[in-house]
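The paragraphs below walk through one structure, taking helix packing, the core, the cysteines and a few single residues in turn.

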Amino acid sequence: MLSRLLSRVTEPLNLIGFSAIIILILDPVSLFDVGFQLSFMAVISIVTLYSTIEKRLNNKNNLYSTNYFIRNLSQLFLISFSVNLFIFPICIYHFGTFHFISFVTNLFAVPLCSIALYLSLIHISEPTRPY
C-alpha cells in the first residue's frame, strides 16, 4: 500500500524478506522452527518458480491459454509442484522422508479446502437465528 502512495513498484521477494526480518527480530528462534521454514519456502516458491512458469505458459497461444479447465488444473499442479520442489529439502532434513503422493493429493485437497473456506465464510456471515 505504501508503494502505491509513493508510486513505486512492489517487489514480492522484498516483502517476504521484510516480513521474515520482522518475525526474526521479534522471535529470533523462529529461524529454526520447521513451520517458519516451510511457510516461507512455500511462499517463495509460488512467487518465483510458479509465477515464472505460469507467465511462460500464458505468453504462448496454446491449449493452456485458451481452455479454462486445463488452465485451472495446470495451475493447481504447478503450484503443488513448485511448493513441493522447494520444501523437499526441508522435509528430508527435519523428518527424514518425503511423500511424493502429495503432488496428486494436493490436486484434490486444494479445491476442497477452498470450497470449505468459502462455505465457512458464508456460514459465519449469516445472522444467527434462534432455534
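**Helix packing, core and cysteines**

Helix α3, residues 34-59, packs against helix α5, residues 68-95, at an angle of about 145°, and their axes lie 8 Å apart. The model is a predicted one. Two packed helices are described by the angle between their axes and the distance between the axes. The crossing of α3 and α5 is right-handed. Where α3 meets α5, the residues of the contact comprise 19 nonpolar, seven polar and two charged.

One of the residues to look at on α3 is Ser45. Ser45 has 0% relative accessibility and therefore counts as buried, the cut-off being under 20%. Beyond the residues up to four places away in sequence, Ser45 touches Tyr50, Ser82, Val83 and Phe86. Of these, Val83 also belongs to the largest nonpolar core.

Which residues make up that largest nonpolar core? It has six residues in all: Ala42, Val83, Ile87, Cys91, Phe98 and Phe103. Helix α5 supplies the largest share of this core, with three residues.

Two further residues of α5 can be set beside the core. Leu85 is found in this helix, and with a relative accessible area of 45% it is partly exposed. The C-alpha atom of Leu85 is separated by 9.5 Å from that of Leu49, and the two residues are 36 residues apart along the chain. Phe88 is also found in helix α5. With a relative accessible area of 31%, Phe88 is likewise partly exposed, because that value falls between the 20% limit for buried and the 50% limit for exposed. Leaving aside neighbours within four places in sequence, Phe88 is in contact with Phe98 and Phe100. Phe98 is one of the core residues. As for Phe100, it lies 12 residues from Phe88 along the chain, and the C-alpha atoms of the pair are separated by 9.5 Å.

The core member Cys91 leads on to the cysteines. Is Cys91 buried or exposed? Its relative accessibility is 11%, so Cys91 counts as buried. Not counting residues up to four places away in sequence, Cys91 touches Leu38, Gly96, Thr97 and Phe98. Phe98 is thus a contact of Cys91 and also a contact of Phe88.

How many disulfides does a search of the whole structure find? The search finds zero. For Cys91, the closest cysteine sulfur is in Cys113, and the separation of 17 Å is too far for a bond, because a disulfide needs the two sulfur atoms within 2.5 Å. Taken from the other side, Cys113 has its closest cysteine sulfur in Cys91, again at 17 Å and too far for a bond. In accessibility, Cys113 stands at 53% and counts as exposed, whereas Cys91 is buried.

Two loop residues come next. Thr97, one of the contacts of Cys91, is placed in the loop between α5 and α6. At 38% relative accessibility, Thr97 counts as partly exposed. Not counting residues up to four places away in sequence, Thr97 touches Cys91 and Ile92. Between Thr97 and Ile87, 10 residues apart along the chain, the C-alpha atoms are separated by 12 Å. Ile87, like Cys91, is listed in the largest nonpolar core.

Ser30 sits in the other loop, between α2, residues 12-26, and α3. Its relative accessibility is 11%, so Ser30 counts as buried. Ser30 touches Ile23, Leu24 and Phe36, with residues up to four places away in sequence not counted.

The last residue is Ser114, found in helix α6, which covers residues 102-125. Ser114 has a relative accessible area of 30% and is partly exposed. In sequence, Ser114 and Phe69 are 45 residues apart, and their separation in space is 17 Å, C-alpha to C-alpha. Three serines have thus been visited: Ser45 is buried at 0%, Ser30 is buried at 11%, and Ser114 is partly exposed at 30%.

Methods:
Residues are numbered from 1 along each chain as its sequence is written. This is a predicted model: local features need pLDDT of at least 70, side-chain atom pairs count only at pLDDT 80 or more; totals for chains, interfaces and linings use all residues. Side-chain values use heavy atoms; hydrogens and water are left out. Buried means under 20% relative accessible area, exposed over 50%, partly exposed in between (1.4 Å probe, protein chains only). Axes are lines fitted to C-alpha atoms, for helices over the stretch in contact, and angles run from 0 to 180 degrees between N-to-C directions. Helices (H or I, at least four residues) and strands (E, at least two) are DSSP runs, numbered from the N terminus. A crossing is left-handed if the near helix is turned anticlockwise from the far one by less than a right angle, and right-handed if clockwise. Ala, Val, Leu, Ile, Met, Phe, Trp, Tyr, Cys and Pro count as nonpolar, Asp, Glu, Lys and Arg as charged, and the others, Gly among them, as polar. A nonpolar core is a set of buried Ala, Val, Leu, Ile, Met, Phe, Trp, Tyr and Cys residues joined through side-chain atoms within 4.5 Å. Contact means heavy atoms within 4.5 Å.
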